[in-house]
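Here's a quick walk through a model, written for someone who likes to know the cut-offs behind each label. Have the coordinates open as you read.

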Amino acid sequence: GGADPLIRAAAAWQPDIVGFSMIFQFMAPDFAQVITALRASGCKAHFTMGGHYASFAPETILQLIPELDSVVRFEGELPLVEIANAVANGADWRGIHGIAWRDGDRVQLTSPRQDRIDLDTLPWPDRSDIRYDRQLLPIASILASRGCPWKCSFCSIITFYEGNGTKGRRRRTPRLVVDEMEYLVRERGVKLLLFQDDDFLSGGKDARDWALSVGDEITARGLHEEMRFKISCRSDEVREETLAPLVAAGLRHVYLGVESGDPDALKTLNKMITPEVHHRAGQVLRGLGISFDFGFMLLNPWSTVQQVRNNLQFLREFCDGGYTVAGFCRTLPYVGTPMERKMRDEGRLTGPALEADYTFLDPRLDALWDFSLVAFAGRNYGKDATWDHLRTMLFEARLDCPRPRDEDFLKAGQRLAATSNRLLLEITEEALERIEAMEHPTASDPHLIELARFARQQNEQVAATLNALWTTRPSAIEAELFR
């Protein structure tokens, strides 16, 4: 089972403490299964859990997983070290600040911490067990900052860090960031660095200057000749004068938090942005010749049919020519977000806390979402989604390190992405038209069932073509990028 590697590691190491990190509540049943299996195998270690969801709902997670001994709330470095020291020395850990634990039928929460950690003081992650030399394209993740100053209604980042009394975004010193990059590139052989910062450019002019300082430090050391990197940011932070120097320093991919192409939906999401800004960002990135992909929520809890139509038209224009891959999901009510609180106040959340769900205000959109889950199960959703493979292909096709870019492969990839985009959008629009014509909208309508079958057949053809394209590339690269 999925717990077997962890069980074998615990048997070999005999740890005093085992930590788990869970961000999203929808993964809680998977964590419960693994933790239960680990405890049943005879592991006597102290089990603790951190992460966004565990921090916001410790009572629920401790009830769901009785094998857990504690929950570390919000930033966990200091309380986790204190728990580990206490457990190793046989001391009482229950008074440590910033944790939760089960006391009979109740859950006790200790007082929150106000540590405001200086990120420059934290040690680098222990990567000693990673064999970069065995990877055809050695990839490593890195963090240069924590937090975000924006207040999007669907996101829990700002409330998570506020749990430690920390607001906004904290950034590491550029020189120290590049020290870690240089170690990974020149001592460990890494060729691609993925910055996992929530927003690499957020924080106004100071943040832009900071990012340019990182880029200057990279080029001053000549690292731009040996590696490439990726960042995430908002569309209104994409400016040629900021991005061009980073491209010169090795930037080759940007993940954009687009979320919606409808102006009213963007207001609902509190994105503080307009569709025109998204389009300008896409044009800048195309002009710089680097790849990008983006998050997109076709539906949110307050969507209207017209907003969905606007979103589909936006995707058609934004992804024109297959430069990037269209895809979509719906907004999920994550615990700790303003959206979740608003929906709970409106009485719209149903089901247990870990699987909180909702219906749309317009039943036609429920039918559309049900159709989407069936029609695009292999295309938009799932661990082996064609959407993800297409995005990875375009990313790799534009990557010029460790070997030159293959223009023919890129052109073929864009044509395939354009075909997949067109099918996705046309099928969704046809389904919406059918649903609008129904007196009682339902995804079980025979025409929609046949349309969903067609969508899946077409996606199978796209996936087969994609696989054929990859036969022109070393299979080891495909395996590495598709992990």
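What follows goes from helix packing and a surface patch to salt bridges, two helix residues and some backbone oddities.

First, the ground rules. This is a predicted model, so local features need pLDDT of at least 70 and side-chain atom pairs count only at pLDDT 80 or more, while totals for chains, interfaces and linings use all residues. Residues are numbered from 1 along each chain as its sequence is written, and side-chain values use heavy atoms, with hydrogens and water left out.

**Helix packing and a greasy patch**

Let's start with α1 and α2. Helices here are DSSP runs of H or I with at least four residues, strands are runs of E with at least two, and both are numbered from the N terminus. Two packed helices are described by the angle between their axes and the distance between the axes. Helix α1 (residues 4–13) packs against α2 at about 35 degrees, and the axes are 9 Å apart. Those axes are lines fitted to C-alpha atoms, for helices over the stretch in contact, with angles running from 0 to 180 degrees between N-to-C directions. The α1/α2 crossing is right-handed (the near helix is turned clockwise from the far one by less than a right angle; anticlockwise would be left-handed). Which residues do the meeting between α1 and α2? From α1 come L6, I7 and A10, and from α2 come V34, A37 and L38; contact means heavy atoms within 4.5 Å.

I23, F24, F26 and M27 make a nonpolar surface patch of about 330 Å². Patch members have over 30% relative accessible area and no salt bridge; nonpolar side chains (Val, Leu, Ile, Met, Phe, Trp, Tyr) are joined within 5 Å, and like charges within 9 Å. The areas come from the Shrake-Rupley method with a 1.4 Å probe, and for residues only the protein chains shown count as cover. M27 sits in the loop between β1 (17–21) and α2 (28–40). M27 counts as partly exposed because its relative accessibility is 40%; the cut-offs are under 20% for buried, over 50% for exposed, and partly exposed in between (1.4 Å probe, protein chains only).

**Salt bridges**

Side chains of opposite charge can pair when their charged atoms come close. The label here needs a side-chain nitrogen of Lys or Arg within 4 Å of a carboxyl oxygen of Asp or Glu. How many salt bridges does the structure hold? The count is 34, and three pairs are in the table.

| Pair | N to O distance | Accessibility of each partner |
|---|---|---|
| E346 and R348 | 3.7 Å | E346 39%, partly exposed; R348 13%, buried |
| R403 and E396 | 3.2 Å | R403 28%, partly exposed; E396 5%, buried |
| R434 and D445 | 3.0 Å | R434 35%, partly exposed; D445 12%, buried |

The R434 and D445 salt bridge, with its closest N and O atoms 3.0 Å apart, is worth a second look. R434 is in helix α16 and D445 in the loop between α16 and α17 (446–470), so the pair ties together parts that are eleven residues apart in sequence. There's also a network of salt bridges linking R175, D179, E182, R186, E217, R221 and E226.

**Two helix residues**

G413 belongs to helix α16 (residues 407–436). Is G413 buried or exposed? G413 is buried, because its relative accessible area is 0%. Apart from neighbours within four places in sequence, G413 contacts M393, L394 and L469.

R316, in helix α12 (residues 305–318), counts as partly exposed at 30% relative accessibility. Setting aside its neighbours within four places in sequence, R316 touches L425, E426 and E429.

**Backbone oddities**

C401 and P402 are joined by a cis peptide bond with omega of about 15 degrees. P402 is placed in the loop between α15 (386–398) and α16.

Then there are the positive phi angles. Q14 isn't a glycine, yet its phi is positive at about 50 degrees. Q14 is in the loop between α1 and β1 and counts as exposed at 59% relative accessibility. E259, also not a glycine, has a positive phi of about 75 degrees. E259 lies in strand β11 (residues 251–259) and counts as buried at 11% relative accessibility.
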